[in-house]
Amino acid sequence: MRKGLVVVGVVLLIIGVLAAGLTFQLSQSANVPAAPSAETATMPTLEDGSVTVSWSGGTAATVLGVFSGTGCTNGPAAPLASGSGASGSVTVSVTSGTTYQICTTAGGPVSATIQTDGFGIFVIVGIVLAAMGAFLLVIGVMARPRTRAAPAEVDAATPAATDSTQPSDGSMSDLHAPRDPTDQGHIMQAAPIAEQAAQGNRAMIKCASCGTLNEPWLHNCRRCQRALTTTAESV
């Protein structure tokens, strides 16, 4: 979900719904005269609307009519709507920008209230905004979030391998011990053990190949694993 699109979509949707739900309403008081005089009303810019004329102060013989154009002043014409009596109301559907005349054709002048209701251009704008907001809201909800590439892992520096031929501990003589040039096998490095004195009557055995001192009970050199029976030197 992309929060930016969702927020914009919600805002546009709210504004659009509010604008689409608003209606134009105008109410005015007027004294409606007897024909051929008339009260003129010009409709504002509406996409759809109506005019309601409510009157009072007449007589039983009063007849009030709403005419299109100049129907009151230019001779009798068929009214769009009419009503009779001392009081009452009539409602007419109107067209944007059209002029209407209101007059009494019998019974004399009356006091009236002219109320105009309708939908203006802002209603269409509101519908468009609401549609755009709903579209952005759906896109924002369905959109996948952006994912950042994971940073490349840097391998830690591998410590340099210890030279298998270099003694980690022991006498300096091990560095200069002779090696068998024909030996190509893997040499296992034994754990360093300090030189020990001879135990009892048995002396330490020194390997003639690598010079390592070995305990008298060993049969193979603990360093180069060669048989001490062929390379042994008593110390």
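Along strand 5, which side chains point to one face and are buried, and which point to the other and are not? The legends below take up this question and others, view by view. The model shown is predicted.

**View 1. Strand 5 has two faces.**
Along strand 5 the side chains alternate. Ala 81 and Gly 83 point to one face, and they are buried. Ser 82 and Ser 84 point to the other face, and they are not buried. The pattern is a familiar one: in a regular strand, side chains alternate between the two faces of the sheet. Strand 5 covers residues 81–84 and is an edge strand of its sheet.

**View 2. The whole chain sets the scene.**
The protein chain holds three helices and eleven strands. Read along the sequence, their pattern is α-β-β-β-β-β-β-β-β-α-β-β-α-β. The chain has 235 residues, and 29% of them count as buried. About 14,800 Å² of the protein chain is exposed. Carbon and sulfur atoms supply 59% of that area. Now look at contacts between residues at least 6 apart in sequence: 73% of them join residues at least 24 apart.

**View 3. Four strands make an open sheet.**
The strand order in this sheet is 2-7-4-5, and the pairing is antiparallel. Its edge strands are strand 2 (39–42) and strand 5 (81–84), and each pairs on one side only. Neighbouring strands of the sheet are turned by 20° against each other on average, direction ignored.

**View 4. Strand 4 pairs with strand 7 and with strand 5.**
Strand 4 spans residues 63–68, and strand 7 spans residues 99–106. Six bridges join these two strands in the antiparallel sense. Where does Val 66 find its opposite residue in strand 7? Val 66 faces Ile 102 there. Gly 65 stands opposite Cys 103 in strand 7. Gly 65 also has a bridge partner in strand 5, namely Ser 82. Strands 4 and 5 run antiparallel and are joined by four bridges.

**View 5. Ala 41 sits in edge strand 2.**
Ala 41 belongs to strand 2. Is Ala 41 buried or exposed? Its relative accessible area is 7%, so Ala 41 is buried, the cut-off being under 20%. Leaving out residues up to four places away in sequence, Ala 41 touches Thr 98, Thr 99 and Tyr 100. Ala 41 and Tyr 100 are 59 residues apart along the chain, yet their C-alpha atoms are separated by 5.2 Å. Strand 2 pairs with strand 7 in the antiparallel sense, over four bridges. Within that pairing, Thr 42 stands opposite Thr 99.

**View 6. A cis peptide bond lies ahead of strand 2.**
Which two residues does the cis peptide bond join? They are Ala 35 and Pro 36, and omega is about 15°. Pro 36 is found in the loop between strand 1 (24–32) and strand 2. For background, most peptide bonds are trans.

**View 7. His 219 and Gln 225 share a loop.**
His 219 lies in the loop between strand 10 (213–214) and helix 3 (228–231). Gln 225 is found in that loop too. Why does His 219 count as exposed? Its relative accessible area is 61%, and exposed means over 50%. Gln 225 has a relative accessible area of 42%, so Gln 225 is partly exposed. Neighbours within four places in sequence aside, His 219 is in contact with Arg 226, Ala 227, Leu 228 and Thr 229. Ile 205 is 14 residues from His 219 along the chain, and their C-alpha atoms are separated by 9.7 Å. The backbone of Gln 225 also deserves a look: its phi is near 65°, a positive value in a residue other than glycine. Most residues other than glycine have a negative phi.

**View 8. Helix 1 carries a residue of a nonpolar patch.**
Which residues form the nonpolar patch on the surface? They are Val 7, Val 11 and Ile 15. Together they have about 250 Å² of accessible area. Val 7 lies in helix 1, which covers residues 3–21. At 52% relative accessibility, Val 7 counts as exposed, because the cut-off for exposed is over 50%.

How values were computed
Residues are numbered from 1 along each chain as its sequence is written. This is a predicted model: local features need pLDDT of at least 70, side-chain atom pairs count only at pLDDT 80 or more; totals for chains, interfaces and linings use all residues. Side-chain values use heavy atoms; hydrogens and water are left out. Two strands pair if DSSP finds at least two bridges between them. Axes are lines fitted to C-alpha atoms, for helices over the stretch in contact, and angles run from 0 to 180 degrees between N-to-C directions. Buried means under 20% relative accessible area, exposed over 50%, partly exposed in between (1.4 Å probe, protein chains only). Contact means heavy atoms within 4.5 Å. Patches are made of residues with over 30% relative accessible area and no salt bridge: like charges are joined within 9 Å, nonpolar side chains (Val, Leu, Ile, Met, Phe, Trp, Tyr) within 5 Å. Accessible areas come from the Shrake-Rupley method with a 1.4 Å probe; for residues, only the protein chains shown count as cover. A salt bridge is a side-chain nitrogen of Lys or Arg within 4 Å of a carboxyl oxygen of Asp or Glu.
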